[in-house]
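This report describes a protein model from one helix outward to the whole chain. Please keep the sequence and the structure in view while reading.

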Amino acid sequence: MKFVSLRKFPRRMRDWSLARQMLVLQIVVVGVTVAGGALLAFLQVRDLLVEEAVGTARAVTISVADSPSVLTHLGDSAALQPYAERVRRETGVDFVTIMSLDGVRYTHPDPARIGHRFLGHTAPALAGQVFTETYTGTLGPSVRAVAPVRDARGEVKALVSAGITISKISVRLRGQIAGAALTGLLGLSVGGAGTYLVGARLRRQTHGMGPAELSRMYEYHDAILHAVREGLLLVDDAGTVTLCNDGARELLGLTGEVSGRHIGRLGLPPSLSERLSAGENRSDEIHMTGERTLVVNVAVVRSGNRSLGTVVTLRDHTELQSLTGQLDAERGFADSLRAAAHESANRLHTVITLVELGRAEQAVAFATEEIKAAQQLTDRVVGAVREPVLAALLLGKSAEAGERGVELAITPDSELDDLGLDTRDLVTIVGNLIDNAADAAMSGTGPARVEVRLRADETTFVISVADSGQGLDPATARDAFRRGWTTKGDGRGLGLAMVGQAVRRMGGTIEVGGTGEPDPAAKTVRALAGEDERDAGRTTESGTGAVFTVRLPLRGKGVS
């Protein structure tokens, strides 16, 4: 015979799904509850029946003892027996016994027992007391009462006992138990059915997984949420955040409890809040926050035709965007070198041809003029800007602008030393302002020209870029710094948003002047670091074209 070890059962139970364990546990709880209730009901009913039997026996005994006919016919069994039997049948007791003070019966349900001694205690009754007891007599165990029969002077002349057998009480108790058991079975059936329905629902919600699997999944889920650098947001269909990991808190600059708050109350830029609460799929959209450039993906989660909300992932694109700006600057510089090499080749061919034609003096004059112009530009940039990265950027942008037919000029009063500022942010600011100015200048009606002025004193570094374009009204300027769009037809594109972000990151300010008309009352939009870009600033005089002025604090660094 093969025996199954009991040690295997706990392990098997641990392998059950959570729904199955809950089903078994609830069935056990319901079963124990019903059994306990049935047991308590049984004990209570038994006590009530015994108490009822005692009360009935006591009442019948006292009533018979007080009857005048008993005292009148005392000792006459022929007269007392019919009376006692009539009382027994009418009251439902099992016996009514009238006896002498010595305990000799005058009446009994079994006539053969008349004349024999009563089985039970009589001493308290002889003393004039009415008492009850459980005693085994000729009819078996019974609950009985014994009372004295008194004459007119109050003397005890006889005794009366009436009782109900335990077997009769048990018959009534079994009837009550049957009803209680039926009720208990009905309750157990209803509880079992409810438990099964709850278990089925729990099984669907937990996908049939056990507690160990759910615990492991939660631990993995929690570890992943805290470990990944990317931001993750879960937003329900009403726009309320249900989950936010550490990465999302850092990237969005959120503090305090985020879960349970509406996406519109997190203090995010309006365009980003609109995308996150729109309930539409979005892929690799670039958005600007206070100090970061984020790549945002939004995926709508559905169950059938019902939308459950959205899953939002965020990736930090700030450093990559800065490096891209630097790479663009280097590429522009390389392109300018390529263009210069191409132009130098053309000029060299021209000089050689002039020499071959015997016009040596003209060849020398032509070569000297070209070298002088190129050297003047290089000397002016390098002499004015001794920050190597900015100098390289300006030379590259100058050559690039020249290829596009735009004149890039450095103002004579420009002078700048190595400031010790973040060169990546400087490249982002200066490069994007020049690109924006070049685009604006090419859209103008006159000669395309961009003018750059760089100055620094003991506390402030000032960057000013002006163009000869059609100008920029204050409303458009506000949109340009607030939005993170790449379409140049709306708000000057992503470049100005990156400029505003870099300026705020460095603790500086931006002033935009120029409305396209030489109006001395033209407005200037001023965007302060950390303030809402929609705040209107002071009015300044500006001419044709836009003028962007950036002021960056040097934080006590010395400059020449």
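## Helix α4 and its ends

Asp76 caps the N-terminal end of α4, with a side-chain oxygen 3.2 Å from the backbone nitrogen of Ala78. The model is predicted, and the distances and angles in this report are computed from it. Past the other end, Gly92 comes just after α4 and takes a positive phi of about 85°.

Between these two residues, α4 covers residues 77–91, which makes 15 residues. From the first C-alpha to the last, α4 reaches 20 Å, close to the 21 Å expected at 1.5 Å a residue. Which residues of α4 are buried? They are Leu80, Gln81, Tyr83, Ala84, Glu85 and Val87.

## A nonpolar patch on the surface

Met22, Leu25 and Val29 make a nonpolar surface patch of about 240 Å². Of these residues, Leu25 lies in helix α2, which runs over residues 18–65.

Is Leu25 buried or partly exposed? Its relative accessibility is 48%, so Leu25 counts as partly exposed; the range for that class lies between 20% and 50%.

## The protein as a whole

The protein has 15 helices and 15 strands. It contains 560 residues, and 38% of them count as buried. The exposed area is about 30500 Å², of which carbon and sulfur atoms supply 55%.

Among contacts with a separation of 6 or more, 57% are between residues 24 or more positions apart.

Key: Residues are numbered from 1 along each chain as its sequence is written. This is a predicted model: local features need pLDDT of at least 70, side-chain atom pairs count only at pLDDT 80 or more; totals for chains, interfaces and linings use all residues. Side-chain values use heavy atoms; hydrogens and water are left out. Helices (H or I, at least four residues) and strands (E, at least two) are DSSP runs, numbered from the N terminus. Buried means under 20% relative accessible area, exposed over 50%, partly exposed in between (1.4 Å probe, protein chains only). Contact means heavy atoms within 4.5 Å. Accessible areas come from the Shrake-Rupley method with a 1.4 Å probe; for residues, only the protein chains shown count as cover. The expected span of a helix is 1.5 Å times one less than its number of residues. A polar contact is a pair of N or O atoms within 3.5 Å; within protein, one must be able to donate a hydrogen and the other to accept it, and residues adjacent in sequence count only if both atoms are side-chain atoms. Patches are made of residues with over 30% relative accessible area and no salt bridge: like charges are joined within 9 Å, nonpolar side chains (Val, Leu, Ile, Met, Phe, Trp, Tyr) within 5 Å. A salt bridge is a side-chain nitrogen of Lys or Arg within 4 Å of a carboxyl oxygen of Asp or Glu.
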